[in-house]
Amino acid sequence: MTDHRKVADVEIDGDNIEAMAVDHAHHRLFVNIRDKKQIGVVSLTSNAVVTAWTAPGMNRNTPMKFDEPDQRIFIAGAVQAVTTAFEV
């Protein structure tokens, strides 16, 4: 039986986190930091943000989908219906 204990806190520099996606192969968590117009990359080994990405036109980014086999992450914005893709 699992005891469901808390294993970590990860501090994210942002006020509005919308979506997350796990990269199992590389032990990373992608975090959509909407108010900063960024995607934070969290190391699941150190439980810390290791970098953050942004792109021109990425605004009010909300949904996120990770294509693990092709190592691409897709983020859709609520302004101008822009979808941004990153090779990770």
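Here is a short chat about the cores, strands and salt bridges of this predicted model.

Visitor: What ground rules apply to side-chain values here?
Guide: This is a predicted model, where local features need pLDDT of at least 70, side-chain atom pairs count only at pLDDT 80 or more, and totals for chains, interfaces and linings use all residues. Residues are numbered from 1 along each chain as its sequence is written, and side-chain values use heavy atoms, with hydrogens and water left out.

Visitor: Which elements give two or more residues to the largest nonpolar core?
Guide: A nonpolar core here is a set of buried Ala, Val, Leu, Ile, Met, Phe, Trp, Tyr and Cys residues joined through side-chain atoms within 4.5 Å. Buried is under 20% relative accessible area, exposed is over 50%, and partly exposed is in between (1.4 Å probe, protein chains only). The largest core has twelve residues, among them A19, F30, V41, M64 and F86. With strands taken as DSSP runs (E, at least two residues; helices are H or I, at least four), numbered from the N terminus, the contributors are strand 1 (17–23), strand 3 (38–43), strand 5 (61–67) and strand 6 (72–77).

Visitor: How many residues are in the second, separate core?
Guide: This core includes I12, L29, I33 and V42. Its full count is five residues.

Visitor: Is N32 buried or exposed?
Guide: N32 sits in strand 2 (residues 28–33). Leaving aside neighbours within four places in sequence, N32 has contacts (heavy atoms within 4.5 Å) with residues including N16, I17, Q38, P63 and I75. Its relative accessible area is 0%, so N32 counts as buried.

Visitor: In the hairpin of strand 1 and strand 2, which residue takes a positive phi?
Guide: Strands pair when DSSP finds at least two bridges between them, and strand 1 and strand 2 run antiparallel with five bridges. One bridge partner of A21 in strand 2 is F30. Four residues lie between the strands, and the one with a positive phi near 55° is H27.

Visitor: And which residue takes a positive phi in the hairpin of strand 3 and strand 4?
Guide: Strand 3 and strand 4 (residues 48–53) are antiparallel too, paired over five bridges. S43 stands opposite A48 in strand 4. This hairpin has four residues between its strands, and the positive phi near 55° belongs to N47.

Visitor: Which are the edge strands of the open sheet in the order 5-6-7?
Guide: Three strands make up this sheet, with antiparallel pairing. Strand 5 and strand 6 are joined by five bridges, and D67 stands opposite R72 in strand 6. An edge strand pairs on one side only, which gives strand 5 and strand 7 (83–87).

Visitor: How far apart in sequence are E87 and R72?
Guide: Their side chains meet in a salt bridge at 3.3 Å, N to O; the term needs a side-chain nitrogen of Lys or Arg within 4 Å of a carboxyl oxygen of Asp or Glu. E87 counts as exposed at 63% relative accessibility, whereas R72 is partly exposed at 36%. E87 lies in strand 7 and R72 in strand 6, so the salt bridge ties together parts separated in sequence by 15 residues.

Visitor: Where is D13, the salt-bridge partner of K36?
Guide: The K36 and D13 side chains meet at 3.6 Å, N to O. K36 is partly exposed at 36% relative accessible area, while D13 is exposed at 59%. K36 is in the loop between strand 2 and strand 3, 23 residues apart from D13, which lies in the segment before strand 1.
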